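Q: I would like a close look at one part of this model, please. Take me through the contacts and the surroundings there in one connected account.

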Amino acid sequence: FGIIVGIRPGYREEEVYEKARRYESMHAAGITVLQNRRFDISSTDVRRRIAEGLSTEGLIPEGVRKYIDEHGLY
């Protein structure tokens, strides 16, 4: 399997790459580190917002929100 990682504000890029290399060697899993725009948002916050019925506009793509809603996730 593979894992995709995006770097968030407050995290040093070098540290993320080092942790990805260690995880790959320990678990034989491929990790891709994205060169992404850095948002100060966490999956925990997205799940909390969904559970509280709050908007996720601008945080996740509308198609992802639709999938979450249709499948009763979170």
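A: Let's start with helix α1, then turn to the pocket it helps to line and to two other helices for context.

A quick note before we begin: this is a predicted model, in which local features need pLDDT of at least 70 and side-chain atom pairs count only at pLDDT 80 or more, while totals for chains, interfaces and linings use all residues. Residues are numbered from 1 along each chain as its sequence is written, and side-chain values use heavy atoms, with hydrogens and water left out.

Helix α1 covers residues 13-27 (helices are DSSP runs of H or I with at least four residues, strands are E runs of at least two, both numbered from the N terminus). Within α1, R22 pairs with E18 in a salt bridge whose closest N and O atoms are 3.8 Å apart (a side-chain nitrogen of Lys or Arg within 4 Å of a carboxyl oxygen of Asp or Glu). The two residues are 4 positions apart, about one turn of the helix. R22 is partly exposed at 43% relative accessible area, and E18 is also partly exposed, at 34% (buried is under 20%, exposed over 50%, partly exposed in between, with a 1.4 Å probe and protein chains only).

The second largest pocket has a volume of about 230 Å³ (on a 1 Å grid over the protein atoms alone, a pocket is an open set of points where a 1.4 Å probe fits, with protein on both sides within 12 Å along at least five of seven lines; lining residues have an atom within 4 Å of a point). That volume is the space filled by probe spheres set on the points, which are joined across faces, edges and corners. Among its lining residues are V5, R8, Y11, E15 and K19. Two elements, β1 (2-6) and α1, each give two or more residues to this lining, and α1 supplies the largest share with 4 residues. By class, 5 lining residues are nonpolar, 1 is polar and 3 are charged (Ala, Val, Leu, Ile, Met, Phe, Trp, Tyr, Cys and Pro are nonpolar; Asp, Glu, Lys and Arg charged; the others, Gly among them, polar).

For context, the structure holds 8 salt bridges. In helix α2 (residues 43-51), D45 and R48 are 3 residues apart, about one helical turn, and their closest N and O atoms are 2.4 Å apart. In helix α3 (residues 62-70), K66 and E70 are 4 residues apart, with a closest N and O distance of 3.9 Å. Back in the part we started from, salt bridges that share partners join E18, R21 and R22 into one network.
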